[in-house]
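Me: I'm new to reading protein structures and would love some help with this one. Could we go through it step by step?

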Amino acid sequence: MAMNLKNSALLIVDVQNDFLPEGSLAVRHGDEIIPVINALQEKFNFIVATQDFHPTDHGSFAVNHEGKCPGEMIVLADLPQILWPVHCVQGSEGAEFHEELNPIRWTAIFQKGKNPEVDSYSGFFDNARREDTGLGDFLQNEGIMNVFVTGLAQDYCVKFTALDSVSLGFKTYLISDATKAVNLAKDDGDKALEEMKKAGVILIESSAILD
């Protein structure tokens, strides 16, 4: 029996070209979630997407720190910060949503990572929780109570989006076959799932909605 999706939102996190195969920060097999997300969209009346949208001088880019390489750690906004390859730059093809992802029924897109001085994994807040994208208030004002999280990447932007969703009082689900992990370390994705479960995120498969 399919789930009741009244007062529910499907949240699509950062399914952008740079996070997909051949992108500058590719998530292995990331493209495999697109058909799942498209199928899920048919079941939801309320769909929202987030978009990583960095300026070229973003502090998380290794090239903006002399002598540093992707994967190294620095301090940014008083927080430990892993350095990344240049990705999802405003106006670039890499920042665009994958062409096979169907946006026709999206209610809104929330951009993040626009402040060069702090990274922003979550779709709700930057990593220092100093700036708010407006997504939380938007969902609450629309009467949304249940948030179903999908997208990329499971161990970074998806995880922090799901954790913030729980912290804001939404009943939060992670659709586990509609996300993939970066896995800088081989078990990062599994650790992220455990962290989300411990925080109260409910892990489900897409079949709970589609069947």
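Reply: Happy to! This is a predicted model, and a good place to begin is D52, whose side chain makes a polar contact with the side chain of H54 at 3.1 Å.

Me: Is D52 buried or exposed?

Reply: D52 is found in strand β2, which covers residues 47-52. Its relative accessibility is 3%. Buried means under 20%, so D52 counts as buried.

Me: Which residues is D52 in contact with, leaving aside its neighbours within four places in sequence?

Reply: Contact here means heavy atoms within 4.5 Å. With those neighbours left aside, the list for D52 is D14, Q16, F19, H87, C88, A95, K112 and S120.

Me: Which strand gives the largest share of the largest nonpolar core?

Reply: In soluble globular proteins, nonpolar side chains tend to be buried together. The largest nonpolar core here has 58 residues, and I12, L139 and F148 are those with the most contacts inside it. The largest share of this core, five residues, comes from residues 8-13, which is strand β1.

Me: What kind of pair do the rings of Y121 and Y156 form?

Reply: A pair of aromatic rings is described by the distance of the centres and the angle of the planes. The count of aromatic pairs comes to nine. For Y121 and Y156, the centres are 5.5 Å apart and the planes are at 70 degrees. Angles over 60 degrees count as edge-to-face, so this pair is edge-to-face.

Me: How many residues apart in sequence are the parts that Y121 and Y156 tie together?

Reply: Y121 lies in the loop between β5 (108-112) and α2 (135-141). Y156 lies in the loop between β6 (146-152) and α3 (157-167), so the parts tied together are 35 residues apart in sequence.

Me: And what kind of pair do the rings of Y121 and F160 form?

Reply: The centres of these two rings are 5.5 Å apart. Their planes are at 35 degrees, and only planes under 30 degrees apart count as stacked, while those over 60 count as edge-to-face. The pair of Y121 and F160 is therefore tilted.

Me: Is F160 buried or exposed, or partly exposed?

Reply: Y121 is buried, with a relative accessible area of 10%. F160 has a relative accessibility of 31%. Partly exposed runs from 20% to 50%, so F160 counts as partly exposed.

Me: Which residue lies over the face of F125?

Reply: Here we look for a charge over a ring, within 6 Å of the ring centre. At 4.1 Å from the centre of the F125 ring, the residue over its face is R129.

Key: Residues are numbered from 1 along each chain as its sequence is written. This is a predicted model: local features need pLDDT of at least 70, side-chain atom pairs count only at pLDDT 80 or more; totals for chains, interfaces and linings use all residues. Side-chain values use heavy atoms; hydrogens and water are left out. Helices (H or I, at least four residues) and strands (E, at least two) are DSSP runs, numbered from the N terminus. Buried means under 20% relative accessible area, exposed over 50%, partly exposed in between (1.4 Å probe, protein chains only). A polar contact is a pair of N or O atoms within 3.5 Å; within protein, one must be able to donate a hydrogen and the other to accept it, and residues adjacent in sequence count only if both atoms are side-chain atoms. A nonpolar core is a set of buried Ala, Val, Leu, Ile, Met, Phe, Trp, Tyr and Cys residues joined through side-chain atoms within 4.5 Å. Rings of Phe, Tyr and Trp (its six-membered ring) pair if their centres lie within 6.5 Å; planes under 30 degrees apart count as stacked, over 60 as edge-to-face and the rest as tilted. A charge sits over a ring if NZ of Lys or CZ of Arg is within 6 Å of the ring centre and within 35 degrees of the ring normal.
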